[in-house]
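Ready for a short walk through a protein? Open your viewer, keep the selection tool at hand, and follow along stop by stop.

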Amino acid sequence: MKAIIYRRYGTPEVMQLREQPVPIAGKGKVRVKVHATAINDWDWTLLRGQPHLLRLFSGPFKPKITILGTEVAGVVEALGEGVTRFAVGDRVYGDLSEAGFGGFADYVSVPENAMHPMTANMTFEQAAALPHAGLLALQGLVGAGAIRHGDRVLINGAGGGVGAIGLGIAKTYGCRVTGVDKASKLGALNAMGFDETLDYEQTDFTRHGQRYDLVLDAKTTHSPLRYLNALEPGGRYVSVGGYLPKLFQLFCAGPLIRKVTKKQLTILALKPNQGLDRLNDLFEAGALNCMIDGPFALTDVPAAMARFGRADHLGKIVIKVE
Ligand SMILES: NC(=O)c1ccc[n+]([C@@H]2O[C@H](COP(=O)([O-])OP(=O)(O)OC[C@H]3O[C@@H](n4cnc5c(N)ncnc54)[C@H](OP(=O)(O)O)[C@@H]3O)[C@@H](O)[C@H]2O)c1
């Protein structure tokens, strides 16, 4: 099979298209013919091996995992011993971040519990765009953020994968949604249905005088006290990612701030693949916009990774594996 492999940490140029053996479907695993995969922050982080602390797990000198690719959609092609949830021919999708990665390839062998059935009307490209960003949005807004009908919601970093799905979820609760990103992406965000958009280079949402019931942040860059300014009494701020020093401050100060101010500042720890049933239902109800950047070919993965690294993308960068 064809696969994009990397054997040393670095920039996307270290990734190469190579012939690899087709993986076997081991005990409890299914072999999936990959039809689409998506570029993810995990892939970008593991490619570079940064922050360096990560190398304690990913391999101190060279990467232990040589085929990246976190989100996949495809067809079950072989069943390992003991597999009960799937049959050959099932259309499945899922997040492989706790299942060894490997989506940048024609085939991947994964534990069956890392896969979930696709709904009838979902394309492989749409399905590949959903499991990670979709669940960050769902678990962030509905779980940690306890979204309520009619909330004023702000999504920071709205032009990425989380933003488009988050907008769809918030709209099912009748919320007014503000999206924050750089100026060049705001036209697309308006067209997508955001009620208001802010250019983060011109307007700091923590200082512009508006307050929100719920903030979902994909790019935490400020100190916790600044986020308090942006929250209504009883408001919730949920970070799904950002700059490590700021996340550390949030982690330390969040519980105390909650006691003193009754406002909630939390960091979401994603539970991979938990909630895909709900995403399927929302998708079938027409509530989700899987904003796809691409699709690109498997051979284009290094270029697509560079595109992700420059943050030129809008929505999820999807790779179609022919
Ligand atoms: N919580 C967890 O368990 C978990 C697990 C895995 C990943 N994550 C995190 O989840 C997040 C994934 O979100 P995503 O897929 O939507 O990310 P994404 O696709 O990288 O999009 C982020 C968007 O934010 C914009 N941006 C950059 N700097 C900004 C700033 N200072 N203010 C506002 N917007 C800014 C980017 O555009 P420009 O750069 O062009 O402005 C981009 O449009 C990442 O932070 C990732 O690290 C969390």
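**Stop 1: a proline in a loop.** Begin by selecting Pro51, which sits in the loop between helix 1 (41–48) and helix 2 (55–58). Keep in mind as you look around that this is a predicted model. Now add Gln50 to your selection: the peptide bond joining Gln50 and Pro51 is cis, with omega at about 5°. Most peptide bonds are trans.

**Stop 2: another cis bond.** Jump to strand 14 (residues 292–297), where you will find Pro295. Select Gly294 along with Pro295, and you have a cis peptide bond again, with omega of about 5°.

**Stop 3: a phi angle to check.** Next, select Phe101, in the loop between strand 5 (91–95) and strand 6 (107–111). What is the phi of Phe101 near? The value is near 60°, which is positive even though this residue is not a glycine. For comparison, most residues other than glycine have a negative phi.

**Stop 4: the second largest pocket.** Stay with Phe101, since this residue is also among those nearest the centre of the second largest pocket. Add Ile67, Gly100, Gly102 and Val108 to see the others nearest that centre; the lining has 14 residues in total. The pocket's volume is about 200 Å³. Try colouring the lining by residue type: 10 are nonpolar, 4 are polar and none is charged.

**Stop 5: the ligand.** Now select the ligand and show its surroundings. How many residues surround the ligand? There are 25, and the closest are Asp41, Asp181, Tyr200, Val240 and Leu268.

Zoom in on some polar contacts:

- Asp181: an N or O atom of its side chain is 2.7 Å from an oxygen atom of the ligand.
- Lys185: a polar atom of its side chain lies 2.9 Å from a ligand oxygen.
- Leu268: here the backbone takes part, with an N or O atom 2.6 Å from a nitrogen atom of the ligand.

Switch on a surface view, too. The ligand taken alone would expose 950 Å², and the protein buries 85% of that.

**Stop 6: the shell as a whole.** Highlight helix 4 (131–144) and helix 5 (161–172), the elements that each give two or more residues to the shell around the ligand. Then colour by domain: domain 1 (2–130 + 291–320) and domain 2 (135–267) each supply at least three residues of the shell. Finally, colour the shell by residue type, and you should find 10 nonpolar, 10 polar and 5 charged residues.

Definitions and conventions:
Residues are numbered from 1 along each chain as its sequence is written. This is a predicted model: local features need pLDDT of at least 70, side-chain atom pairs count only at pLDDT 80 or more; totals for chains, interfaces and linings use all residues. Side-chain values use heavy atoms; hydrogens and water are left out. A residue is near a molecule or strand if one of its heavy atoms lies within 4 Å of it. A polar contact is a pair of N or O atoms within 3.5 Å; within protein, one must be able to donate a hydrogen and the other to accept it, and residues adjacent in sequence count only if both atoms are side-chain atoms. Accessible areas come from the Shrake-Rupley method with a 1.4 Å probe; for residues, only the protein chains shown count as cover. Helices (H or I, at least four residues) and strands (E, at least two) are DSSP runs, numbered from the N terminus. Ala, Val, Leu, Ile, Met, Phe, Trp, Tyr, Cys and Pro count as nonpolar, Asp, Glu, Lys and Arg as charged, and the others, Gly among them, as polar. Domain bounds come from an automatic or database domain assignment. On a 1 Å grid over the protein atoms alone, a cavity is a set of points where a 1.4 Å probe fits but cannot get out, and a pocket is an open set with protein on both sides within 12 Å along at least five of seven lines; lining residues have an atom within 4 Å of a point. Grid points are joined across faces, edges and corners, and a volume is the space filled by probe spheres set on the points.
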